[in-house]
Amino acid sequence: MGSGMSINNETPGQDPSDLSGKAVAGRFQVERRVGDGATGVVWKAHHLALDRECAIKVLKDTSAADGQLAARFRREGRAASRLDHPNIVYISDFGRTDDGRLYLVMEHVPGQTLQVVLDEAPGRKLPRSRALD
């Protein structure tokens with residue numbers, strides 16, 4: 001599921017892991033970085049053919065080199081793409097970039113991260129009604 005993801009518009013001396021402003025796989029225009037974690041970076045993008053927002057999660061170079069982590073990432077993509085529930089993001093594509101990094105394309109859900117919500121909550125605890133919302 002999903003063909004390779006090409007990264008275009010590279011400028012000499014530019015960080016190749018920075019996808020901001022780049023066309024990806026001929027279908028996505030990456031707008032900006034929206035989050036990152038220990039193993040990957042999430043980018044907000046625009047699906048050109050469908051004219052809709054999406055998010056692209058790309059594993060960091062070091063993570064893609066780990067065979068077990070790469071296999072788990074592929075399993076996550078396949079499993080998540082089969083789920084259909086209003087509280088779960090839809091996974092529409094996954095594969096490898098031309099430089100070997102693994103990626104998932106998913107629906108973009110606007111809003112704050114859970115970290116921001118917790119940081120703003122008194123005592124870093126959410127009322128039960130908010131936690132279940």
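How many bridges pair strand 2 with strand 3, and in which sense? Seven, in the antiparallel sense.

The model is predicted, so local features need pLDDT of at least 70 and side-chain atom pairs pLDDT 80 or more, while totals for chains, interfaces and linings use all residues. Residues are numbered from 1 along each chain as its sequence is written, and side-chain values use heavy atoms, leaving out hydrogens and water.

**View 1. Strand 2 (28-36) meets strand 3 (residues 40-47).** Strands here are DSSP E runs of at least two residues, numbered from the N terminus, and two of them pair if DSSP finds at least two bridges between them. A hairpin with three residues in between links this pair. Look for Arg33 with its bridge partner in strand 3, Trp43.

**View 2. Strand 1 (residues 23-24) pairs with strand 2.** It's antiparallel again, over two bridges, with Val24 opposite Phe28. Three residues sit between the strands of this hairpin, and Ala25 in the turn has a positive phi of about 55 degrees.

**View 3. Lys44 is a buried lysine in strand 3.** Lys44 counts as buried because its relative accessibility is 12%, and the cut-off is under 20% relative accessible area with a 1.4 Å probe, protein chains only. Its side chain makes a polar contact with that of Glu53 at 2.9 Å (N or O atoms within 3.5 Å, one able to donate a hydrogen and the other to accept it; residues adjacent in sequence count only if both atoms are side-chain atoms). Beyond four places in sequence, Lys44 also has contacts (heavy atoms within 4.5 Å) that include Val30, Cys54 and His108.

Technical notes. Helix = DSSP H or I, 4+ residues; strand = E, 2+ residues; numbered from the N terminus. Buried < 20%, exposed > 50% of the residue type's maximum accessible area, 1.4 Å probe, protein only.
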